[in-house]
Amino acid sequence: LPNIMHLLEPRNSREHVEAFAAAVRAGLSREPKTLPFEYFYDDEGSRLFEAICKLPEYYVTRTEDAILRRHAPDMVKCLRRADGPLGEPTLVELGSGSAVKTRRLLAAALKRCGRLDYVPIDVSASALEESAGQLARKFPGLGITGYVADYRRGLERIMATAAGPRLIVFLGSSLGNYTMEGASDLLSMIGGLMGESDRLLLGTDMAKDAPLLEAAYDDSMGVTAAFNLNLLHRMNRELAADFRPDGFRHRAVYRPDRGRVEMHLVSLRDQSVQIPAARIAVRFREGETIHTESSHKYTLGMLAELRGAAGFVEESAWTDHRGWFRLQLWRR
Ligand code: AVI
């Protein structure tokens with residue numbers, strides 16, 4: 001049975017609500033207004049994100065999965081059968097969510113090693129419990145220990161205990177939601193915890209034509225719009241705010257100069273909103289926006305910059321035939 005370790009306060013705890021309130025107060029007092037993308041992923045937001053991954057316009061998940069399907073056996077070559085006191089080979093996943101694409105890697109690693117420890121880290125306890133249960137049924141021979149944790153705390157704990165060669169996987173271009181500086185800090189933190197035989201497998205979405213990107217972040221069924229607007233509902237639910245979600249509109253725009261797609265919530269009129277739990281009232285001018293997400297679309301130059309800053313060396317890389325998405329294997 002999967003083992004689940006909790007390193008985070010439960011979602012409805014006072015600490016959690018206070019951290020959300022503080023982030024909202026800081027972000028909405030700023031000019032231009034922003035909110036941290038992490039707050040998209042409450043239960044409703046996680047459900048909407050899973051739906052996004054299946055949309056015809058959102059090529060990201062499908063493209064990455066096709067690369068994984070094709071090259072998974074090569075990607076797990078750094079793992080080897082346990083043959084001594086080193087312990088089981090270990091696959092650590094950052095932000096596993098429903099872990100559908102990970103199955104390609106797990107199947108290939110199990111075939112290669114016979115046994116494998118799978119250690120997913122995710123902030124969502126429900127996502128982790130559900131996917132761990134499914135994987136345990138699907139893959140006998142897989143030991144599963146899930147961590148409900150942020151990446152840093154989860155990784156620090158795991159890297160101090162798991163022994164064998166470890167493959168850390170960070171898929172879905174989740175790195176892209178960090179600023180270049182934030183991404184570089186995160187990669188340095190990961191690299192700092194890796195030993196000589198450990199590897200990082202990183203999935204990144206690549207720069208491409210604006211219409212493709214803007215459709216991927218503003219789909220015709222409005223699922224991405226609902227995902228973005230859910231932040232307003234969440235502030236209403238958890239912080240007793242009085243946002244009128246019909247007073248805002250979803251906007252996605254590709255900014256090649258900044259190397260990213262940005263999502264905003266645009267105020268449709270002059271309005272003001274009370275957010276009691278954050279102890280603020282916020283005014284919006286008509287057309288003013290809240291910047292809710294950046295999703296970086298990398299060039300090889302940007303990736304080389306991140307890799308160099310965090311002190312990694314590239315061992316291999318795989319891409320699809322259109323060069324839309326790239327998976328790269330890095331070592332220290
Ligand atoms: C999770 N993350 C990589 C997604 C992305 O593409 O930036 C989140 C997302 N936002 C809108 N659509 C999907």
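The following exchange covers the sheets, helix packing and ligand surroundings of a predicted model.

Residues are numbered from 1 along each chain as its sequence is written, and side-chain values use heavy atoms, with hydrogens and water left out. In this predicted model local features need pLDDT of at least 70 and side-chain atom pairs count only at pLDDT 80 or more, while totals for chains, interfaces and linings use all residues.

Trainee: In what order do the 8 strands of the open sheet stand?
Mentor: Helices (H or I, at least four residues) and strands (E, at least two) are DSSP runs numbered from the N terminus, and two strands pair if DSSP finds at least two bridges between them. The pairing in this open sheet is mixed. The order is E1-E5-E4-E3-E6-E7-E14-E13.

Trainee: Which strands stand at the edges of that sheet?
Mentor: An edge strand here has a single partner strand, so one side of it is left without a neighbour in the sheet. The two are strand E1 (3-6) and strand E13 (313-319).

Trainee: By how much are neighbouring strands of this sheet turned against each other on average?
Mentor: Axes are lines fitted to C-alpha atoms, for helices over the stretch in contact, and angles run from 0 to 180 degrees between N-to-C directions. For this average, direction is ignored. The value is 20°.

Trainee: Which residue in E14 stands opposite threonine 204?
Mentor: Strand E7 (residues 199-205) and strand E14 (residues 325-331) pair in the antiparallel sense over 6 bridges. Opposite threonine 204 in E14 stands arginine 326.

Trainee: What angle does the direction of helix H10 make with that of E14?
Mentor: Contact means heavy atoms within 4.5 Å. Helix H10 (residues 300-310) packs on the sheet and touches E7, E13 and E14. Its direction makes an angle with that of E14 of about 20°.

Trainee: Which strands are at the edges of the open sheet of 4 strands, E2-E12-E9-E8?
Mentor: The pairing in this sheet is mixed. Each edge strand pairs on one side only. They are strand E2 (33-34) and strand E8 (248-255).

Trainee: Which residue in E12 stands opposite histidine 264?
Mentor: Strand E9 (residues 260-267) and strand E12 (residues 289-296) run antiparallel, joined by 7 bridges. Opposite histidine 264 in E12 is histidine 291.

Trainee: At what angle to E9 does helix H9 run?
Mentor: Helix H9 spans residues 223-239 and lies across E8, E9 and E12. Its angle to E9 is about 55°.

Trainee: Are H2 and H9 roughly parallel or roughly antiparallel?
Mentor: Angles under 35 degrees count as roughly parallel, over 145 as roughly antiparallel, 65 to 115 as roughly perpendicular and the rest as oblique. Helix H2 (residues 43-52) and H9 pack at about 175°, with their axes 9 Å apart. H2 is therefore, relative to H9, roughly antiparallel.

Trainee: How many charged residues has the contact of H6 with H7?
Mentor: Helix H6 (residues 151-161) and helix H7 (residues 180-193) pack at about 10°, with axes 10 Å apart, and are therefore roughly parallel. Ala, Val, Leu, Ile, Met, Phe, Trp, Tyr, Cys and Pro count as nonpolar, Asp, Glu, Lys and Arg as charged, and the others, Gly among them, as polar. The contact has 7 nonpolar and no polar residues, and the charged ones number 2.

Trainee: How far is an oxygen atom of the ligand from an N or O atom in the side chain of tyrosine 217?
Mentor: Of the 14 residues around the ligand (a heavy atom within 4 Å), those coming nearest are Tyr58, Asn177, Tyr217, Glu293 and Ser295. For serine 295, a ligand oxygen is 2.7 Å from a side-chain N or O atom. For tyrosine 217, the distance is 2.5 Å.

Key: A polar contact is a pair of N or O atoms within 3.5 Å; within protein, one must be able to donate a hydrogen and the other to accept it, and residues adjacent in sequence count only if both atoms are side-chain atoms.
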